[in-house]
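Reader: Hello! Could you take me on a close look at one part of this protein, the helices in the middle of the sequence and what they pack against? I would enjoy one connected walk through it.

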Amino acid sequence: MDHNESLVALNGTQISFIGHDCKDIPNFLGDKYGHFARRLDLSFNQLRSLTGLKMFTELEELVADNNLLGNDLRLPRLPNLHTLTLNKNKLTDIEGLLEHLGDVTPSLGYLSLLGNEACPNQLVSLDKDEDDYQRYRYFVLHKLPHLKFLDTRKVTMKEVMEAEARGEFMKVVKPKSEALLNEPGFESHPHPYTPLPQGSRDARNHKGVFTKCRYIYYGKHSEGNRFIRNDQL
């Protein structure tokens with residue numbers, strides 16, 4: 001048996017190539033199995049691209065969990081693909097991904113994106129809640145209205161109706177302040193707040209500052225005049 005073949009688990013039309021730390025789909029997979037494979041499992045690798053799928057013309061199920069797939073993910077047209085799981089990758093742009101899938105996977109009925117930033121739930125961030133996740137579901141169903149199953153739950157008729165009516169407005173967007181944290185060069189340790197003017201904040205070059213005060217001090221009942229009677233002021 002060829003060394004490459006020993007890395008593959010074959011069961012009829014089901015191909016598994018799991019846990020080999022590859023960054024791209026090896027050419028031998030498509031050459032040898034692409035013309036008949038119906039199910040392909042590429043989980044637990046280091047995949048950053050799925051361009052090698054162009055040889056898998058009959059593919060119906062694709063599992064690519066626990067890889068490094070990002071927003072530049074591109075699939076060839078897979079007209080028979082009905083199941084796609086991309087759990088625990090590096091996907092953040094939900095809209096771009098869904099528009100691409102709508103173009104190249106017309107038969108898609110099952111999609112799972114858990115563990116990606118694009119899927120807002122507590123697996124990714126503790127500040128997300130069920131409302132965030134439900135809005136995400138409406139938005140996904142608006143983009144891919146033929147889905148029957150999303151992540152771990154079957155799509156309900158109520159969700160379909162809500163997605164049709166308001167799904168396009170349900171995209172979960174990062175607050176601007178949160179987005180800035182990821183910008184290169186962003187100051188991660190901002191200066192603590194101080195009411196002092198700019199010129200007096202540097203302890204090594206301190207300057208006296210004079211300005212008008214908006215408060216008027218009358219002296220009565222003040223702590224500093226506790227031993228002076230008010231009629232002496």
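Author: Happy to; here is a walk through helices 3 and 4 and their surroundings.

A word on the model itself: it is predicted, so local features are described where pLDDT is at least 70, side-chain atom pairs count only at pLDDT 80 or more, and totals for chains, interfaces and linings use all residues. Residues are numbered from 1 along each chain as its sequence is written, and side-chain values use heavy atoms, with hydrogens and water left out.

Let's set the scene. The protein chain has six helices and eight strands; helices (H or I, at least four residues) and strands (E, at least two) are DSSP runs, numbered from the N terminus. Along the sequence they follow the pattern α-β-β-α-β-β-β-α-β-α-β-β-α-α. Of the 233 residues of the protein chain, 36% count as buried, where buried means under 20% relative accessible area, exposed means over 50%, and partly exposed is in between (1.4 Å probe, protein chains only). Of the contacts in the protein chain with a separation of 6 or more, 46% join residues 24 or more positions apart; a contact here means heavy atoms within 4.5 Å.

Now to helix 3, residues 94–104. On the way there, the loop between strand 5 and helix 3 holds Lys88, whose phi is near 55 degrees, a positive value in a residue other than glycine. At the start of helix 3, a side-chain oxygen of Asp93 comes to within 3.4 Å of the backbone nitrogen of Glu95. Inside the helix, the buried residues are Ile94, Leu97, Leu98, His100, Leu101 and Val104. These buried residues sit on the same side of helix 3 because they cover an arc of only 160 degrees around the axis, the arc being that of the directions from the helix axis to the C-beta atoms. Their packing partners are strand 5 (83–85), strand 6 (110–112) and helix 4 (130–143).

One of those partners, strand 6, is where you will find Tyr110. Tyr110 counts as partly exposed, at 26% relative accessibility. Leaving out residues up to four places away in sequence, Tyr110 touches His82, Thr83, Leu84, Thr85, Leu147, Phe149 and Asp151. The C-alpha atoms of Tyr110 and Val155 are separated by 9.6 Å, although these residues are 45 apart along the chain. As for Asp151, this residue lies in the loop between strand 7 and strand 8. Asp151 counts as buried because its relative accessibility is 1%, and its phi is near 60 degrees, a positive value in a residue other than glycine.

Helix 4 comes next. Its start has a contact much like the one described for helix 3: a side-chain oxygen of Asp129 reaches to within 3.1 Å of the backbone nitrogen of Asp131. Helix 4 has 14 residues and spans 20 Å from its first C-alpha to its last, close to the 20 Å expected at 1.5 Å a residue; the expected span is 1.5 Å times one less than the number of residues. Its buried residues are Asp132, Tyr133, Gln134, Tyr136, Arg137, Tyr138, Phe139, Val140 and Leu141. They pack against helix 3, strand 6, strand 7 (149–150), strand 8 (153–154) and helix 5.

From the helix 5 side (residues 157–166), Glu159 is a good residue to look at. With 6% relative accessibility, Glu159 counts as buried. Setting aside residues up to four places away in sequence, Glu159 touches Gln134, Arg137, Tyr138, Leu141, Arg153 and Lys154.

Finally, the core. The largest nonpolar core has 47 residues, of which Leu29, Leu50, Leu53 and Leu111 touch the most other members; such a core is a set of buried Ala, Val, Leu, Ile, Met, Phe, Trp, Tyr and Cys residues joined through side-chain atoms within 4.5 Å. Helix 2 (27–33), helix 3 and helix 4 each supply at least two residues of this core. Leu50 touches partners including Ile25, Leu42, Leu62 and Pro76.

And for the bench, a note on cysteines: the structure holds zero disulfides, a disulfide being a pair of cysteine sulfur atoms within 2.5 Å. Cys22 counts as buried at 13% relative accessibility, and Cys119 counts as buried at 0%.

Terms used
Polar contact = N/O pair within 3.5 Å; in protein donor to acceptor, adjacent residues only side chain to side chain.
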